[in-house]
Amino acid sequence: MFSGQVGLGLRGLVPFAFRSLSQARKSFCPMDLGSLRKSYKGDEEAFEEKHLSSLDPIEQFSVWFEEAMRCPSIGEVNAMCLATCTRDGRPSARMVLLKGFSQEGFRFFTNHESRKGRELDSNPFASIVFYWEPLSRQVRIEGSVERLPEKESEKYFYMRPKSSQIGAVVSQQSTVIADREFLRKKNAELEEVYREATVPKPAYWGGYILKPEVIEFWQGQTNRLHDRIVFRHLQSSSSTPLGPMTHQGAGNWVYERLAP
C-alpha cells in the first residue's frame with residue numbers, strides 16, 4: 001500500500017491521503033435499500049383485540065415490557081427514542097432510558113439545559129418509542145411532559161453509581177467542547193475532589209414524566225399488514241356514544257384498530 005512512499009516523509013504521505021479521500025468521494029454511490037427486508041410473524045400469530053391482556057394500556061405495556069425483559073436477545077429493554085420539538089415545529093430525537101412507569105406516566109432523567117431539556121421547556125409535549133426487534137414489536141406513546149419534583153430527582157441521582165453522578169457534573173450536555181481530553185481531564189479532577197465526599201446533584205439535572213394521551217401497540221406481520229391497536233385517553237367521561245369501530249377501554253381510555 002505504501003510502496004513508493006518510503007523516505008518521502010509527511011510531504012509524500014499527505015497528498016496520498018487526500019487523493020484517497022478524493023477518490024473515495026468520487027466512487028461513492030447512493031445505496032438502494034429497497035430489497036433490504038425481513039420476515040415478521042405470520043398471520044396465525046396476529047395481534048388481535050382478543051389478545052389484549054388488559055383494556056388498560058399501562059397494564060398492557062407492562063405485560064409487553066416484562067415479555068421483552070425475558071427475551072435474551074434484547075440488550076436494553078428500557079431503551080427508547082424520545083422525540084421533542086421546538087415551539088416553531090423543528091423536531092429532534094435521541095435514545096434515552098426509561099427509569100420507571102406507573103399509571104401516572106413514564107419517567108426519565110436528563111440535563112435540563114440539554115437540547116431536549118430546552119425543547120421540553122418551550123414545548124412540553126413529546127413522543128417515545130420502544131422497538132423490541134426480536135419480538136417484532138414496538139410501542140409508541142404521546143403526551144404532555146412535566147418535570148418531576150426535585151425530591152424525586154435527588155433520590156434517583158443518589159441511586160446512580162458515583163461515576164455517573166460525577167459524569168452529570170462533568171458534562172454540560174449539548175454544549176460545544178474542544179475535544180474528549182477536556183472531558184477526561186475534568187472527570188479526573190472531580191474524581192479527586194469527590195473521592196471521599198458526596199457529589200452534589202447539579203440544579204440543571206433532573207427527571208421528567210410523560211403523561212400518556214396516546215399509546216399504540218404495534219406487532220409486525222410478514223405480509224406488511226401489521227397489527228396496530230391504539231388507545232386514546234379522553235379528557236373527561238363523555239355521554240357521546242362511541243363510534244362502531246371505537247371500543248371502551250378501562251377508565252377514560254378508548255381503543256381502536258388502525259390500518260397499517
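Q: Let's start with one residue, Ile141. Which element does Ile141 lie in?

A: Ile141 lies in strand β6. Keep in mind as we go that this is a predicted model.

Q: Is Ile141 buried or exposed?

A: Read the relative accessible area first: anything under 20% counts as buried. Ile141 has a relative accessible area of 0%, so this residue is buried.

Q: Which residues does Ile141 touch, leaving out those up to four places away in sequence?

A: There are contacts with Phe61, Phe106, Ala126, Ser127, Ile128, Phe130, Leu210, Pro212, Val214 and Ile215. Take Pro212 as an example: Ile141 and Pro212 are 71 residues apart along the chain, yet their C-alpha atoms are separated by 6.3 Å.

Q: How do I go from single contacts to a core, and which residues touch the most other members of the largest one?

A: The general idea is that in soluble globular proteins, nonpolar side chains tend to be buried together. Here the largest nonpolar core has 33 residues, and those touching the most other members are Phe61, Phe130, Trp132, Val139 and Ile141. At least two core residues come from each of α2 (57-69), β1 (79-85), β4 (105-111), β5 (125-132), β6 (137-147), β7 (205-219), β8 (227-233) and β10 (253-257). Helix α2 supplies the largest share, five residues. There is also a second, separate core of 14 residues, with Tyr156, Val170, Leu190 and Tyr194 among them.

Q: Phe130 was in that list too. What is Phe130 in contact with, beyond its neighbours within four places in sequence?

A: Its partners are Phe61, Val77, Asn78, Ala79, Met80, Leu98, Arg137, Gln138, Val139 and Ile141. Phe130 also belongs to an aromatic cluster, together with Phe61, Phe65, Phe101, Phe106 and Trp132.

Q: How do I read an aromatic pair, such as the rings of Trp64 and Phe217?

A: Look at the distance between ring centres, then at the angle between planes; over 60 degrees counts as edge-to-face. The count for this model comes to 19 aromatic pairs. For Trp64 and Phe217 the centres are 5.3 Å apart and the planes stand at 85°, so the pair is edge-to-face. Trp64 sits in helix α2 and Phe217 in strand β7, so this pair ties together parts that are 153 residues apart in sequence. Both residues are buried.

Q: What other aromatic pair does Phe217 form?

A: Phe217 also pairs edge-to-face with Phe231, at 6.0 Å centre to centre and 85° between the planes. This pair joins strand β7, which holds Phe217, to strand β8, which holds Phe231, and the two residues are 14 residues apart. Phe231 has 0% relative accessibility, so it counts as buried.

Q: Which residues of helix α5 are buried, and what do they pack against?

A: In α5, the buried residues are Gln165, Ile166, Ala168, Val169 and Val170. The buried residues of this helix pack against α4 (150-157), α6 (180-193) and β7.

Q: On to empty space. How much of it lies in the largest pocket?

A: Rolling a probe the size of a water molecule over the atoms shows where empty space is left. In this model the largest pocket holds about 340 Å³ of space. Its lining has 17 residues, and Phe109, Thr110, Arg160, Gln173 and Trp205 are the closest to the pocket's centre. Two or more lining residues come from each of β2 (91-97), β4 and α5 (162-170), and β4 gives the most, with four. The lining divides into eight nonpolar, six polar and three charged residues.

Q: Let's turn to the backbone. Where are Ser136 and Arg224 placed, and what is the phi of each?

A: Most residues other than glycine have a negative phi, and most peptide bonds are trans. Ser136 has a positive phi of about 55° although it is not a glycine; it is placed in the loop between β5 and β6. Arg224, in the loop between β7 and β8, also has a positive phi, near 70°. Ser136 is buried, at a relative accessible area of 5%, whereas Arg224 counts as partly exposed at 28% relative accessibility.

Q: Finally, the whole chain: how many helices and strands are there?

A: The protein has six helices and 10 strands. Of its 260 residues, 38% count as buried. Among contacts between residues at least 6 apart in sequence, 65% join residues at least 24 apart.

Notes:
Residues numbered from 1 in each chain as written. Predicted model: local features only at pLDDT ≥ 70, side-chain atom pairs only at ≥ 80, totals over all residues. Heavy atoms only, no water. Core = buried A, V, L, I, M, F, W, Y, C linked by side-chain atoms within 4.5 Å. Buried < 20%, exposed > 50% of the residue type's maximum accessible area, 1.4 Å probe, protein only. Contact = heavy atoms within 4.5 Å. 1 Å grid on protein atoms, 1.4 Å probe; cavity = no way out; pocket = protein on both sides within 12 Å on 5 of 7 lines; lining within 4 Å. Points joined across faces, edges and corners; volume = space filled by probe spheres on them. Nonpolar A, V, L, I, M, F, W, Y, C, P; charged D, E, K, R; others polar. Phe/Tyr/Trp six-rings, centres within 6.5 Å; stacked < 30°, edge-to-face > 60°.
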